[in-house]
Structure formats: C-alpha cells, structure tokens
Amino acid sequence: CKKSFESYSVATAEFHSVSIPSGVRDQPIGLEETLLGAENRAKGALLHATTASPSSSAAASCMGVGLESGIIILNNGMHLDVCICVIVGQQKQQQQQQQRCVGMS
C-alpha cells in the first residue's frame, strides 16, 4: 500500500490506525467484493479522520487508506489470495493497488 500512497507525492504524513468495518463477508471472494471491502474501509477511515480533525485545513488534507484481502478463484480452479489497497482523499481521488498474489491449493 505504501507504493500507492507515494503516488500522491506527500512530503510528510502522519498515520493513525483505526478499525473500520469492510461491509463485506469475513472472507471476500472475487475481485469485486474484495475491492468493495477496501473502498469501504478507505472511505470510513477518511470520514473518521475528517471528523476527528480539529481544523478544516487539517481535515482538507486527510486521506483514507483501506486494505482488504480476498480470494480470487481462477477458471482452472486455482485460488489466489490477494490484498487490495485503496486510497481516497477529499478531492475524491482514488488509487487502487493490488498487492501480492499467493497461489493456494
């Protein structure tokens, strides 16, 4: 997820970890469900950050980062474990990054 965040060219950043529900199953299956979970977490993190920020200038510079792992089943029956990172900002920018895929049998 760090590589995705670097595309925003932010010189300094402060990170706070919060627990945000994904809104999907505990074990998402498929790219769409996994992506939705990451998007929901990123949007929830952004909402948490902007409501917790004491100043409007700080809230305007906040970003939300959401991570979700899921299983993708290929046509040949192979299962891949993927992690998707979504970053959202106040300008409704969104960056998605798929992380490592690990084959499972």
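The protein chain contains three helices and three strands, where helices (H or I, at least four residues) and strands (E, at least two) are DSSP runs numbered from the N terminus. Along the sequence these elements follow the pattern α-α-α-β-β-β. The model is a predicted one, in which local features need pLDDT of at least 70 and side-chain atom pairs count only at pLDDT 80 or more, whereas totals for chains, interfaces and linings use all residues. Residues are numbered from 1 along each chain as its sequence is written, and side-chain values use heavy atoms, with hydrogens and water left out.

## The chain as a whole

Of the 105 residues in the protein chain, 33% are buried; here buried means under 20% relative accessible area, exposed means over 50%, and partly exposed lies in between, with a 1.4 Å probe and protein chains only. The accessible surface of the protein chain is about 6,900 Å², and 53% of that surface belongs to carbon and sulfur atoms; such areas come from the Shrake-Rupley method with a 1.4 Å probe, and for residues only the protein chains shown count as cover. Where contacts in the protein chain link residues at least 6 apart in sequence, 51% of them join residues at least 24 apart, a contact being heavy atoms within 4.5 Å.

## Salt bridges

Side chains of opposite charge can pair when their charged atoms come close. Two salt bridges are counted in the model, under the rule that a side-chain nitrogen of Lys or Arg lies within 4 Å of a carboxyl oxygen of Asp or Glu.

| Salt bridge | Closest N to O distance |
|---|---|
| E33 and R25 | 2.6 Å |
| E68 and R41 | 2.6 Å |

In the pair of E33 and R25, E33 is buried at a relative accessible area of 17%, while R25 is partly exposed at 47%. In the other pair, E68 joins R41 through a salt bridge of 2.6 Å, N to O. Because E68 lies in strand 1 (residues 63–73) and R41 in helix 2 (residues 31–52), this pair ties together parts that are 27 residues apart in sequence. E68 is buried, with a relative accessibility of 6%, and R41 is partly exposed, with a relative accessible area of 25%.

The side chains of E68 and R41 also make a polar contact at 2.6 Å, a term for a pair of N or O atoms within 3.5 Å of which, within protein, one must be able to donate a hydrogen and the other to accept it, with residues adjacent in sequence counted only if both atoms are side-chain atoms. Apart from neighbours within four places in sequence, E68 is in contact with ten residues' worth of surroundings that include S22, V24, P28, T34, G37, A38, R41, V82, C83 and I84.

## Strand 1 and helix 2

T34 lies in helix 2 and is buried, with a relative accessibility of 0%. A polar atom of the T34 side chain lies 2.7 Å from the backbone oxygen of G30. Beyond its neighbours within four places in sequence, T34 is in contact with P28, E68, S69, G70, I71, V82 and I84.

I71, in strand 1, is buried at 11% relative accessibility. The C-alpha atoms of I71 and T34 are 7.9 Å apart, although the two residues are 37 residues apart in sequence. I73 also belongs to strand 1, but its relative accessibility of 47% makes I73 partly exposed. Between I73 and L31 there are 9.3 Å in space, C-alpha to C-alpha, and the two are 42 residues apart in sequence. Leaving out neighbours within four places in sequence, I73 is in contact with I29, M78 and H79.

## The hairpin and the cysteines

Strand 1 runs antiparallel to strand 2 (residues 79–89), and eleven bridges join them; two strands pair if DSSP finds at least two bridges between them. One of the residues concerned is S69, whose bridge partner in strand 2 is C83. The hairpin of strand 1 and strand 2 has five residues between the strands, and G77 there takes a positive phi near 90 degrees.

The count of disulfides is zero, a disulfide being a pair of cysteine sulfur atoms within 2.5 Å. C83 is in no disulfide, and the nearest cysteine sulfur, that of C85, is 7.3 Å away. As for C62, a relative accessibility of 14% places this residue among the buried ones.
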